[in-house]
Amino acid sequence: MDLTPTLIFVTRPPGPPIFLRIALAAAAATFLRAQPLPEGPRLRDLADRRGLLIGTALGDGFSPAGMGAAVYASYAGVAAREFNFFTAENAHKFGRIHPTATSYQFAAADLYDSFARSAGAGFHGHAFVWYKTTSTPAFVVETTTREGLLAVLRDHISAVGARYGPGTLVWDVVNEALQSSVASAPEDWRDALRPADTDHWRATIGTDYIELAFRHAAEVRAANQQNHRLIYNDFTNEGMNNKSLAQYLMARDFLDRGVPLEGLGFQMHVNGTPDYAGIRANFKRLSDLGLDLYITEFDTISGSSDAELDRQAAIFHGTLDVALRNPHFRAFQTWGFTDRTSWLYTWTGNPLGADVRPLPFTAGFEAKPAYYAIQDALAYEFREPVLTQGDFEGDISAWFLLGPPSPSPTVTPLHPHGGARACSVPPRASPATGVAQDVLAALLADQGGAGRYELSGWFRVPSGPAAVRLRVRLTDSTGAIRDFPVEGVAGASWQRIQGWLNLAWSRTLVSAVLIADTPGSGVAFLLDDVALGDGNVLANSNAEKPGGDWSVLGAGNLSFETSSSRRHYGARGLRVVNRTAAWNGPAQSVRPGLLASGQGVYELSGYLRSDAGGETGKLTVRLGDASGYRHFSVTRTLRATAWTRLSGTVELAWPDDSPPSSVHVYAETSTGTSALGLDDVVLRKISDFPVAPFTAWQALHFDVSQRADPSISAPGAFPADDGVANLVKYALGLRPAEPAASELLPALELDASGHLRLEFRRNSSAAVQSILESSPDLIAWSPLAITPELRPDPDSLHEWVSFPLPSSPDRAFYRIRFTLP
Ligand code: XIL
């Protein structure tokens, strides 16, 4: 459960956002479940961030009258909320829009295009030419001369193509011209076309009807000053097979001869597990030709069991994961979005409610696991490091010298940052000289290209302080250069400079170089441990590398599982059996990564799977120092023997002069005995804390020892793992630089009498007032107690304040407001 919205929902002040976020309580989860909005970000927001189109087909009768006002409201509402790209399922097909030689039926068709515009979304035209009966009305079939049918084709493309202007991003020029299945590897792609007796266009015009349609579509586009891409759309054309070979040969031939083919549409009505390796290879050979790639009609049937829904989700995720890694991938579009209606009910001969359910929303518009799989794949920023060599150990041939050859940098064993060696760059005659590494192949092939990357490295300037910098320099096919810099000031001891880059480019990228240098000339510097990646501080977040990074916290036996139910995405998942306490589970030490990323707000997410189910799962970052452990967790009730995603934000802070001595990420479950699976864990910084004139952090101790009902659910019922029974600590990252400093509102849920103790530790003398309020419903709040102003203790920097809580027979919510001057 992402608990962040709980608090925002309840307490959002009129001004700046609340920044104190605390994960709390099953009741709050129930409260959230009543909201129709799926957890997490909207798909179109995630897609916008990547410059991707996320689309859906909108069905027939797309109007309040056609669907009924209530259904239309939900249908159109969810569509506009989640997608930035739409196509009409049927309304633009030849027979619908152009049923007789002289009549065009634009009224129904125009609804889709205007809806897309009103939703601020793009529109996808489907399709000018298709062999099917629906796209060959009687007058087409009755036109039996090449010139006659070409005239019909031109007239059709002129009229329909011209009609849809700005906002129309793509047209399927020809749909399904290749045979459904191609028996043997073709030498000439024409041999793989549908035979003349099933395709009236081919029979009457000849095999050149495809290129003639593209050429005319391009002329119409030019005449109307439009911008849409012209693509060829088909099915079972995404993997490596005889049909996709024919498609590839056709595409190559078209490009060689100047036929304006600009992209390919892969319908992907998926049956069974896709051949991901084949898709990767096919996408690559097509994008190497410069073609854009669109998944246009994705769906895949599933049953209703958790296992089936998860299997379906894995297919959505797996497909997107492969596709997003290709820099020419432009759109992921599903053929409908709610199980309420799908062409597959007719196609498979199954009624609504049968085991078809091919889409990411239920018939009642609730997000299914497939929805979260899309969300997850879109949110994912690729984890593997981009630099092949970030330090100067071993073979350093990936690094090269930038600028004049002399004086040359040397690799030196003197003063390494980590490991045995660092790079020493002597004073240079001009700025913009230093050491560099080519990162193009890694950015494009493995990482999927554009996105948010963290760039960091360690500098030392013997005669410092002096400005130093790291940059990624991108050059596109027009020769335009764009720098993405991270700058800092280094001195006589090692200093890390770090920043986030939103790497983006609009044309083909021809070079990408990472450069370490100084903005000023004449500066000598030492460089070490450079990293360019996505910032996940887990070295092995998805258990793909057995051994090494993962271990068990407490009792239990760890294994790396490869069976499909025991891994989430990818080849392996973690499993711990023989646990004896709630806090036992898979763990990874992440101290170096966390300290490298620094204090701030982090995304914490991962997938848990317990054999028991129904129990509470918990994912925790544990910071240890001399005074004990502090825990930062996200929790959620786990489904039985199915993967459940936990996600939320944690605010990780520590006194500047006293960083944690240990940092672990681990998973646990409330029973402490069930076998526990874990996979795909992310701990990644989302933002720094704003610079604060007043910095403080507090541990909030909630004493539940007098609680009458021990069965209270998370997080209160979780025994702490530091040996203090029934004492749960919440750490509140207090970021008072925000103008809302007087309104810091964590909410606590208690349902028994007890004591609430607050421990303050701060490094400022600012006065703090705290006010306790209670609420029956998280909406109306009334004050319970006002404490005297808290005064700093200059010696210990510690204070305690204790609130007596009134006994409350039913559930109540509490929150504490800190008032800063
Ligand atoms: C389907 C529609 O979804 C149905 O409503 C209609 O009856 C038949 O066509 N490939 C395509 C789509 O390119 O146009 C098809 O759409 C599904 C298969």
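Helices (H or I, at least four residues) and strands (E, at least two) are taken here as DSSP runs, numbered from the N terminus. The structure is a predicted model, in which local features need pLDDT of at least 70 and side-chain atom pairs count only at pLDDT 80 or more, while totals for chains, interfaces and linings use all residues. Residues are numbered from 1 along each chain as its sequence is written, and side-chain values use heavy atoms, with hydrogens and water left out.

A convenient place to begin is G51, in the loop between α3 (43-50) and β1. With a relative accessibility of 61%, G51 counts as exposed; the classes are buried for under 20% relative accessible area, exposed for over 50% and partly exposed in between (1.4 Å probe, protein chains only). The C-alpha atom of G51 is separated by 9.3 Å from that of A331, although the two positions lie 280 residues apart along the chain.

Attention turns next to the ligand. The residues around the ligand are E89, N90, K93, H126, W130, N175, E176, Q267, H269, E297, W335 and W343, a residue being near if one of its heavy atoms lies within 4 Å. This shell divides into 3 nonpolar, 5 polar and 4 charged residues; Ala, Val, Leu, Ile, Met, Phe, Trp, Tyr, Cys and Pro count as nonpolar, Asp, Glu, Lys and Arg as charged, and the others, Gly among them, as polar. Oxygen atoms of the ligand lie 2.9 Å from an N or O atom in the side chain of N90 and 2.7 Å from a polar side-chain atom of K93. A nitrogen atom of the ligand is 3.1 Å from an N or O atom in the side chain of Q267. Taken alone the ligand exposes 410 Å², and the protein buries 77% of that (Shrake-Rupley method, 1.4 Å probe). One member of the shell, H126, also precedes a cis peptide bond: the link from H126 to A127 has omega near -10 degrees, and A127 belongs to strand β3 (residues 122-130).

Aromatic rings offer a second theme. Rings of Phe, Tyr and Trp (its six-membered ring) pair if their centres lie within 6.5 Å, with planes under 30 degrees apart counted as stacked, over 60 as edge-to-face and the rest as tilted. The count comes to 27 aromatic pairs. In one of them, F62 and F115 meet edge-to-face, 4.9 Å centre to centre and with 85 degrees between the planes. F62 is in the loop between β1 (53-58) and α4 (64-67) and F115 in helix α7 (residues 106-118), so this pair ties together parts that are 53 residues apart in sequence. Both F62 and F115 are buried. The ring centres of F83 and F337 are 5.7 Å apart and their planes are at 50 degrees, so this pair is tilted. F83 sits in the loop between α5 (69-82) and β2 (85-88), and F337 in the loop between β9 (329-334) and α15 (343-347), 254 residues apart. F83 is buried at a relative accessible area of 2%, and F337 at 0%.

Ring pairs also link a cluster whose members include F62, F83, F115, F337 and F365. F365 lies in the loop between α15 and α16 (369-379) and is buried at 11% relative accessibility. Its phi is near 65 degrees, a positive value in a residue other than glycine. Another non-glycine residue with positive phi, about 50 degrees, is Q225, which is exposed with a relative accessible area of 72%.

Notes
A polar contact is a pair of N or O atoms within 3.5 Å; within protein, one must be able to donate a hydrogen and the other to accept it, and residues adjacent in sequence count only if both atoms are side-chain atoms.
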